Amino acid sequence: MSAPNIETIVSLAKRRGFVFPSSEIYGGLGSAWDYGPLGVELCNNVKRAWWRWMVYERDDMEGLDSSIILNRAVWKYSGHEETFSDPLVDCRECNARLRADKLGIPAAAEGGDIAALIRDKAVKCPNCGATNLTEPRPFNLMFRTQLGAASTEDDPSALAYLRPETAQGIFINFHLVQQTMRRKVPFGIAQIGKSFRNEVTPGNFIFRTREFEQMEMEYFVRPGEDEQVHQEWIDNCFNWYASLGLSRDNLRLYEQPKEELAHYAKRTVDIHYRFFPERAEEEKHWDELMGIANRTDFDLRAHSKNPLNEEGKRVNPDSTEDLSYFDEARKERYYPYVIEPAAGVNRSVLAFLMDAYSERTNDKGETRVILKLHPELAPIKVAVLPLAKNKPEIVGMAKAIKRSLQPVVRAVYDDTGGIGKLYARQDEIGTPFCVTVDHQSLEDEAVTVRDRDTWEQERVKVADLQQHLQTRLIK
Ligand code: GAP
């Protein structure tokens, strides 16, 4: 079972301290969300799992943390200033701002003449049903800002952008990483960090927001070896999500058709997740979880000082570096091709929450929510619960057990309800194990360990507890 819709997760996330609507005491801010005590743990666990898998478990990877605000030239030569835009359409009747490519116009017509269809009143506003729409115009998604205290709003020399992807920070540091770490192609550079896009239609909870976090890796390969490596990364990424608990039935690969490809891409395959299972049409269940692109040598060339245009002039007169690579073994120089697995932290969190959601009826006929998160992702790994909170010996023993576990796992102590309520609360937030200290524990130095998924209980000696839990937490 997984969540029947995103709304179920929105409600659970607020009720249980995962995600709150941002700025709520001032009426909120559209599509901005704050991650609460459990949400921040879940996000950190997703990022930690990705970094361990992507960087630590490989021999060909380095990490990076580049600036969010980069020299404006980066966005000029990457093509973002010119092309990173969505086609914007306004409804003259209800003033809705819409993306022309999300109006449900068949893909064949999208590349063609949406404007003509709009003029012919053949396109309806999804908000009010009117056919009185403006023609599409490009809306650049990059957030603009000004650098420095003295700058004015229209001073072009002060103009800067918040990055819309972490990738460019990697390309401009390609040589520095390669040389300082004495790397040979093929190798990759991974980065996790915030990105910003002034989305025309953000929404669906944390699926599409204006501020979000990305986990991106740029893998540099010799031209000609790119296609095979691309396919390997597509398979790797799909398997990574499945290894952390996402059901394969809720995942699919989507080959982007030519007309959808970004300006830099030769081929892109997205991993889709079934974010919208409630929709009647199966095809509309799916949306992008991550993309794996073959960016060719577009970016390294674009940021290099050497390439010349047809007139013999430098394509990039502002760069001071040539980002080509000399392959010592082959005695050849080339611009490496780049394979880019690019995932969103927030979309991954949403998919993990939806997939983990399940319900179970207890013997009193009550329906309980169980969040079957993979143990590596669970915000809290162990909850230590005293059976009687008015018995100082039991409370003391439970607190001592919690303290003994906390250096190795994220453990909490809770005595704010009866044991049934405490179990239910931990199930709902995805805690894999509850440890209960009872009267007998004072005599036999043993506790009850309860499994979230099976509700089975076993008696474990306190001396063996840490080992017992650790082996079960590493799945
Ligand atoms: N460097 C390539 C790149 O940025 P992308 O497909 O635009 O590619 C990669 O973004 C991933 O970042 C997406 O698959 C998605 O998970 C996440 N993402 C993109 N825009 C987002 C937004 N507005 N809100 C939340 N996540 C977003």
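This is a short dialogue on reading strands and aromatic rings in a predicted model.

Student: What should I know before reading the model?

Tutor: Residues are numbered from 1 along each chain as its sequence is written, and side-chain values use heavy atoms, with hydrogens and water left out. As the model is predicted, local features need pLDDT of at least 70 and side-chain atom pairs count only at pLDDT 80 or more, while totals for chains, interfaces and linings use all residues.

Student: Is strand 13 largely enclosed or open?

Tutor: Strands are DSSP runs of E, at least two residues, numbered from the N terminus. Buried means under 20% relative accessible area, exposed over 50%, and partly exposed in between (1.4 Å probe, protein chains only). Eight of the ten residues of strand 13 (residues 287-296) are buried, so the rest of the structure largely encloses it.

Student: Which strand pairs with strand 13 over seven bridges?

Tutor: Two strands pair if DSSP finds at least two bridges between them. Strand 12 (residues 267-273) does so in the antiparallel sense, and R267 has N294 of strand 13 as its bridge partner. Strand 16 (residues 337-344) is also antiparallel to strand 13, over six bridges.

Student: How is a pair of aromatic rings described?

Tutor: By the distance of the centres and the angle of the planes. Rings of Phe, Tyr and Trp (its six-membered ring) pair if their centres lie within 6.5 Å; planes under 30 degrees apart count as stacked, over 60 as edge-to-face and the rest as tilted. The structure holds 16 aromatic pairs. W33 and F205 have ring centres 4.7 Å apart and planes at 85 degrees, so this pair is edge-to-face.

Definitions and conventions
Helices (H or I, at least four residues) and strands (E, at least two) are DSSP runs, numbered from the N terminus.
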